[in-house]
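Me: Hey, can you walk me through this structure? I'm new to this, so plain words please.

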Amino acid sequence: MSSKIIIIAAITLLTVSFSILFVIETKNHNYDYGKTWSVVYFENPSDNSLDFTIENHLGEKAEYKYEVLAGDKKVIDKKVEIEAGAKQKISPVIESAVDDERITINVRFKDTGYKIYKNYK
Amino acid sequence: MFFDLLRLILTFPFVFILPGFFLLLAIFGGKDGRLSFFEKAILTVPISIISVDFLVLGLNRLHILINGPVLLGTTTAFCLLGYIAFQLRFKKGGKQKSDGGEAFQDPFNFSYWQTIFILISLFLAIFIRATYLSDTIVPSATDMGHHMFWVQKIIDTGNLPNYGMPDFIIGEHIPFAVVNLLSSASVMGAMPILILFFVNIVGIFTLAMLAGRIFKSSKVTATAIFVVGVLYAINAPQGKYVSGGVVGNVFGNMLIPVALYFLYRALSEKDSVFAGLFIFSLTGLLYAHHLSAFILLYSIAAIVVAYLALNLDRIFKVIGDWIKIFLKPFPLLFLIFSILFFIFVYTPSYFNPSAVAQATGEPTKITRTGLDFNQLEMNAGSARLILGALGFVLLLTAFKRKEYKYSFALAWVVVLFLMSWKPGWIYVNVPSNRIGNYLFLPFSLLASFGLAEFLHFFRKSATFFFSTVLLFILLFFVITDGLADSAEVFKMRPQFQEAVQAFHSAQYLAEKLDTSRDILLKDHVNIYGDSWYKLFFMQDYKYPLSRGMLSRYVDPTKPRETCTRDMITIPETETAKKCFLETGVNYVALNAQLEGNSFEKYPDFSKIYSSNYIAIFKRNN
């Protein structure tokens with residue numbers, strides 16, 4: 001009888017801990033659950049397009065400032081509001097992008113900056 | 001989420017309990033006194049794992065695509081065959097053996113207080129591990145990432161992979177693939193760690209079962225569950241090996257005691273059925289983990305030599321008895337089955353003369369020349385080492401050379417100690433720290449015996465006060481030292497944020513890159529969970545390229561490839577530029593805070609992705 005109690009206890013304890021661990025993993029595997037981060041990336045990394053996306057994983061609605069620089073010259077300076085867990089695709093239009101050595105996109109939320117750029121030369 | 005969890009929980013008994021249960025039923029029937037309920041319950045798991053491995057290897061040999069319905073049908077058919085064999089052997093005129101010599105001395109019939117002690121130990125063993133794993137449950141461990149790549153290959157192709165390298169063994173991957181194909185639980189989820197967690201807990205029981213049988217004492221069984229399960233529950237090779245995905249070791253630590261258990265019972269009870277099951281479990285281990293099999297073979301050799309040396313005066317009788325045990329239809333059947341399986345069904349990738357030659361002989365590297373006493377103490381654990389030494393001495397005081405338990409317990413610990421401390425003495429040429437991880441097995445066995453005998457000794461002592469004080473001092477040391485690693489669990493910080501950012505970057509690259517022409521290099525040194533990148537691409541095992549730990553590039557015995565290091569460390573040098581041309585690397589994924597910042601000054605690169613943790617650069621054409 002004692003053996004049966006031990007085996008049943010082991011199965012019960014394992015089932016409970018498996019369930020808890022499974023739920024913890026599933027929740028935390030999410031980009032947003034308990035996370036505070038953002039990401040900025042080019043939609044087409046291998047061509048000259050400047051389309052980029054900002055993803056908000058800060059856990060709250062956030063206002064991002066972004067600027068586009070052609071070389072050292074600021075050509076676009078805007079803001080965009082993005083809901084928590086959402087992403088926003090942005091297609092900046094500037095003249096003669098490839099004439100400049102580098103087009104830089106600076107995105108900022110509060111004190112944190114995210115920079116992406118394409119070097120053309 | 002609820003249905004995913006339910007499917008996974010229901011798949012566990014189907015894969016890890018039923019095949020073993022029906023095989024044991026076919027062999028022993030329902031009322032055989034040779035196995036207690038406790039032993040049957042424990043043995044169903046390792047026997048299921050080995051059976052499922054053999055079934056999948058057989059399916060692969062028959063060129064049957066491995067998928068969910070096929071596995072469901074094959075496993076069910078296997079269970080049915082077991083049930084039919086049981087009916088034919090035991091129900092229709094077959095005689096049920098009711099006892100097996102030593103069966104009446106059931107070391108698994110626990111008293112009330114022993115049951116309470118085991119339940120508390122079990123609760124602590126599972127609670128400490130689960131708490132630790134809750135901080136590492138999101139996939140991130142390097143080894144696990146490598147293993148899950150091969151598991152995903154099996155899932156995607158329906159065939160077993162050709163590894164092309166001796167590092168991986170098929171039995172390490174089959175159980176994960178089977179659970180995925182039956183339950184749909186992703187390999188990039190909790191499933192792999194839960195399987196290892198389960199195997200690790202069963203491993204506690206298998207060692208306790210071996211200890212119980214060898215010492216024929218329920219006290220020792222109960223103490224073994226405490227010594228293996230609660231002491232050093234997090235240190236390698238326990239919780240850390242589970243979360244780290246050290247699959248082979250975790251499986252090996254469960255299967256080694258099982259093989260020794262069957263061997264012990266075969267020899268001590270002159271029982272050919274156990275001899276057959278010993279061959280079965282040894283074969284299963286050979287398919288599951290090479291190092292564990294190597295350790296087991298050395299252990300068996302030491303036990304055999306020790307017993308023969310101690311019984312030199314009747315050596316021919318002993319050998320004659322062994323031949324009689326193994327030259328019976330049941331073990332011969334398993335032996336022939338194993339040999340045919342090796343030759344015609346599946347030969348493990350490491351099974352070749354050069355691999356054997358590499359692992360034996362004089363140590364060829366400094367890391368293989370043995371551990372010093374401090375390292376040995378760290379591997380086995382101070383409390384376990386002291387209790388094991390105590391058990392060793394106590395066992396010597398009651399030494400009886402004709403009894404197998406002395407050869408098993410003493411020769412096992414001596415050979416593993418020598419393999420770790422002075423491997424050159426016994427021609428072992430394997431990294432010593434890897435062998436040291438197995439020291440806990442024989443030391444736990446002796447420590448359980450030592451602790452149980454110690455408690456017994458002091459309870460009988462005339463000076464009650466003195467004995468109680470000594471007992472508490474010992475227990476205080478054992479518990480404080482043995483639980484020190486578990487206390488660290490509560491100070492850990494989960495790295496889920498880093499892991500999901502690494503996954504996000506890998507997903508981005510998998511969507512944007514054309515893997516037929518784009519070559520990615522990632523940084524293993526500074527990116528957490530980077531080994532899981534390859535699961536997003538599922539190309540060659542070596543895709544994407546990786547900058548490894550810097551020490552790996554320095555090898556005095558042979559020149560190593562250094563391009564993967566130089567392309568990240570010194571990308572603007574001529575050496576690195578040549579490497580970029582030779583390898584075709586045009587994307588580099590880095591830790592944003594470290595190399596990610598310094599890369600911004602190189603005009604040859606565009607920065608295409610930027611998160612808090614990961615930066616990705618594209619090399620300009």
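Me: Let's start in chain B. In what kind of crossing does helix 8 of chain B pass helix 9 of chain B, right-handed or left-handed?

Reply: The crossing of those two helices in chain B, 8 and 9, is right-handed. Keep in mind that this is a predicted model.

Me: Ok. At what angle do the axes of helix 8 and helix 9 of chain B cross?

Reply: Roughly 150 degrees, and the axes come within 8 Å. Helix 8 of chain B covers residues 191-215, and helix 9 of chain B covers residues 218-229. Angles over 145 degrees count as roughly antiparallel, so helix 8 of chain B is roughly antiparallel to helix 9 of chain B.

Me: Which residues of helix 8 of chain B meet helix 9 of chain B?

Reply: From helix 8 of chain B you get B:Ile204, B:Leu207, B:Ala208, B:Ala211, B:Gly212 and B:Phe215. Their partners in helix 9 of chain B include B:Val220, B:Ala224, B:Ile225 and B:Val228. Sorted by class, the contact has 9 nonpolar, 4 polar and no charged residues.

Me: Cool. What about helix 12 and helix 13 of chain B, how do their axes cross?

Reply: Helix 12 of chain B (residues 272-288) and helix 13 of chain B (residues 290-310) have axes that come within 6 Å and cross at roughly 140 degrees. These two helices of chain B are therefore oblique to each other. Helix 12 of chain B passes helix 13 of chain B in a left-handed crossing.

Me: And which residues make that contact between helix 12 and helix 13 of chain B?

Reply: Helix 12 of chain B brings B:Leu282, B:Leu285 and B:Leu286, while helix 13 of chain B brings B:Ser292, B:Ala293 and B:Leu296. That contact of helix 12 with helix 13 of chain B counts 5 nonpolar residues, 1 polar and no charged.

Me: One more pair. Where do helix 1 and helix 7 of chain B stand, and at what angle do their axes cross?

Reply: Helix 1 of chain B is residues 2-16 and helix 7 of chain B is residues 174-183; their axes come within 9 Å and cross at roughly 130 degrees. That makes helix 1 of chain B oblique to helix 7 of chain B. The crossing of helix 1 with helix 7 in chain B is right-handed.

Me: Which residues of helix 1 of chain B meet helix 7 of chain B?

Reply: B:Arg7, B:Leu8, B:Thr11, B:Phe14 and B:Val15 do, and across from them in helix 7 of chain B are B:Pro175, B:Val178, B:Val179, B:Leu182 and B:Ser183. By class, the contact of helix 1 with helix 7 of chain B has 7 nonpolar, 2 polar and 1 charged.

Me: Switching topic: which domains is chain B divided into?

Reply: Chain B has domain 1 (2-93 + 107-458), domain 2 (459-489) and domain 3 (496-619). The C-alpha centres of domain 1 and domain 3 of chain B lie 38 Å apart. Where these two domains touch, 11 residues come from domain 1 of chain B and 10 residues from domain 3 of chain B.

Me: And chain A, which domains does it have?

Reply: Chain A has domain 1 (1-30) and domain 2 (37-119). Their C-alpha centres lie 46 Å apart.

Me: How many residues of chain A are in contact with chain B?

Reply: 39 residues of chain A, against 46 residues of chain B. The largest share on the chain A side, 22 residues, comes from helix 1 of chain A. The chain A side divides into 23 nonpolar, 11 polar and 5 charged residues.

Me: How many bridges join strand 1 of chain A to strand 4 of chain B?

Reply: 3 bridges, and the two strands run antiparallel. In that pairing, A:Val39 stands opposite B:Ser611 in strand 4 of chain B.

Me: Anything odd about the backbone? Say, is the peptide bond from B:Tyr543 to B:Pro544 cis or trans?

Reply: That bond is cis, with omega near 0 degrees. B:Pro544 is in the loop between helix 25 and strand 2 of chain B. Also, B:Tyr232 has a positive phi of about 50 degrees although it is not a glycine. You'll find B:Tyr232 in the loop between helix 9 and helix 10 of chain B.

Me: Why point those two out?

Reply: Because most residues other than glycine have a negative phi, and most peptide bonds are trans.

Conventions:
Residues are numbered from 1 along each chain as its sequence is written. Chains are lettered from A and ligands numbered from 1 in the order in which they are written. This is a predicted model: local features need pLDDT of at least 70, side-chain atom pairs count only at pLDDT 80 or more; totals for chains, interfaces and linings use all residues. Domain bounds come from an automatic or database domain assignment. Axes are lines fitted to C-alpha atoms, for helices over the stretch in contact, and angles run from 0 to 180 degrees between N-to-C directions. Helices (H or I, at least four residues) and strands (E, at least two) are DSSP runs, numbered from the N terminus. Angles under 35 degrees count as roughly parallel, over 145 as roughly antiparallel, 65 to 115 as roughly perpendicular and the rest as oblique. A crossing is left-handed if the near helix is turned anticlockwise from the far one by less than a right angle, and right-handed if clockwise. Two residues are in contact if their C-beta atoms, placed from the backbone, lie within 7 Å. Ala, Val, Leu, Ile, Met, Phe, Trp, Tyr, Cys and Pro count as nonpolar, Asp, Glu, Lys and Arg as charged, and the others, Gly among them, as polar. Two strands pair if DSSP finds at least two bridges between them.
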